[in-house]
Amino acid sequence: ASPRPFVLAALVDGSGLAPQSAWLGERAVVVGFGNPRVFDHDGKTIAEIALDAANVVVIDAASSERRLIAVDVNRSISWIDADTWTVLDRWKGPWLHGAVSPDGRAVAVLASGGELHFACLIEDRFNLAGQLAGDVNAVAVALGVDQVATVG
């Protein structure tokens, strides 16, 4: 029989709107509040990321876990330093979803109507690289090293 799961720590407790996203890394957990909260694996607060977001729907990281993205639906995507937990750059747009490539060099974001937008990350800044029409029913995007997938 497989071991039963158990709760290590309750990270969020309250009566407000529940977060819509979370990310689990090797050394931290990030919970998608308007200012995402960063916890260690024991539940101790490490930091709060100053996003002033309305609704963080995606938190994703490059495989090195040095940089993360956070998508504030219909407002922006942010590029975050996971050592200092600060915002390095922000790309405004009507984004529904987003993903960062495993190597941390590229980002894909999904706009309403299925349109995909791409940016290269150069010196920790979004550098627009193009866009293409996608499936109008798409609601999520995933990005590999040389492939992109949408779900809808």
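Two residues are said here to be in contact when heavy atoms of theirs lie within 4.5 Å of each other. In this predicted model, Val38 is in contact with Ala28, Val29, Val30, Lys44, Thr45, Ile46, Ala47, Ile49 and Trp85, once its neighbours within four places in sequence are left aside. The protein has 14 strands and zero helices, and buried residues make up 41% of its 152 residues.

**Overall make-up**

- Read from the N terminus on, the elements run β-β-β-β-β-β-β-β-β-β-β-β-β-β, in keeping with the count of 14 strands and zero helices.
- Among the contacts between residues at least 6 apart in sequence, 33% join residues that are at least 24 apart.

**Nonpolar cores**

- The largest nonpolar core has 16 residues, and those with the most contacts inside it are Val30, Val38, Ile49, Leu68 and Trp85.
- The elements that give two or more residues to this core are strand 5, which covers 56-61, and strand 6, which covers 67-72; strand 5 gives the most, with three residues.
- Separate from this core there is a second one of 14 residues, which includes Val71, Ala111, Leu121 and Phe126.
- Val38, listed among the residues with the most contacts inside the largest core, is itself in contact with three others from that list, namely Val30, Ile49 and Trp85.

**Strand 6 and its partners**

- Six of the six residues of strand 6 are buried, so this strand is largely enclosed by the rest of the structure.
- In a regular strand the side chains alternate between the two faces of the sheet.
- In strand 6, Arg67, Ile69 and Val71 point one way, whereas Leu68, Ala70 and Asp72 point the other way, and all of these residues are buried.
- Strand 5 and strand 6 run antiparallel and are joined by five bridges, with Val56 standing opposite Asp72 of strand 6.
- These two strands, strand 5 and strand 6, form a hairpin with five residues between them, and in the turn Glu65 has a positive phi of about 65 degrees.
- Strand 6 is also joined to strand 7, residues 76-81, by six bridges, and this pair again runs antiparallel; the bridge partner of Arg67 in strand 7 is Asp81.
- Strand 6 and strand 7 form a hairpin with three residues between them, where Asn74 in the turn has a positive phi of about 60 degrees.

**The cavity**

- The count comes to one cavity of 30 Å³ or more, and about 30 Å³ of space lies in the largest cavity.
- The residues that line the largest cavity are Trp23, Gly25, Glu26, Arg27, Ala28, Glu65, Ala82 and Trp85, and by class this lining has four nonpolar, one polar and three charged residues.
- Two of these lining residues appear elsewhere in this briefing: Glu65 lies in the turn between strand 5 and strand 6, and Trp85 is listed among the residues with the most contacts inside the largest nonpolar core.

**Around Thr86**

- Thr86 lies in strand 8, which covers residues 86-92, and it counts as partly exposed because its relative accessibility is 35%, a value between the limits of 20% for buried and 50% for exposed.
- Not counting residues up to four places away in sequence, Thr86 touches Trp79, Ile80 and Asp81, of which Asp81 is the bridge partner of Arg67.
- Although Thr86 and Ala50 are 36 residues apart along the chain, their C-alpha atoms are separated by 7.1 Å.

Key. Residues numbered from 1 in each chain as written. Predicted model: local features only at pLDDT ≥ 70, side-chain atom pairs only at ≥ 80, totals over all residues. Heavy atoms only, no water. 1 Å grid on protein atoms, 1.4 Å probe; cavity = no way out; pocket = protein on both sides within 12 Å on 5 of 7 lines; lining within 4 Å. Points joined across faces, edges and corners; volume = space filled by probe spheres on them. Nonpolar A, V, L, I, M, F, W, Y, C, P; charged D, E, K, R; others polar. Core = buried A, V, L, I, M, F, W, Y, C linked by side-chain atoms within 4.5 Å. Buried < 20%, exposed > 50% of the residue type's maximum accessible area, 1.4 Å probe, protein only. Helix = DSSP H or I, 4+ residues; strand = E, 2+ residues; numbered from the N terminus. Pairing = 2+ DSSP bridges.
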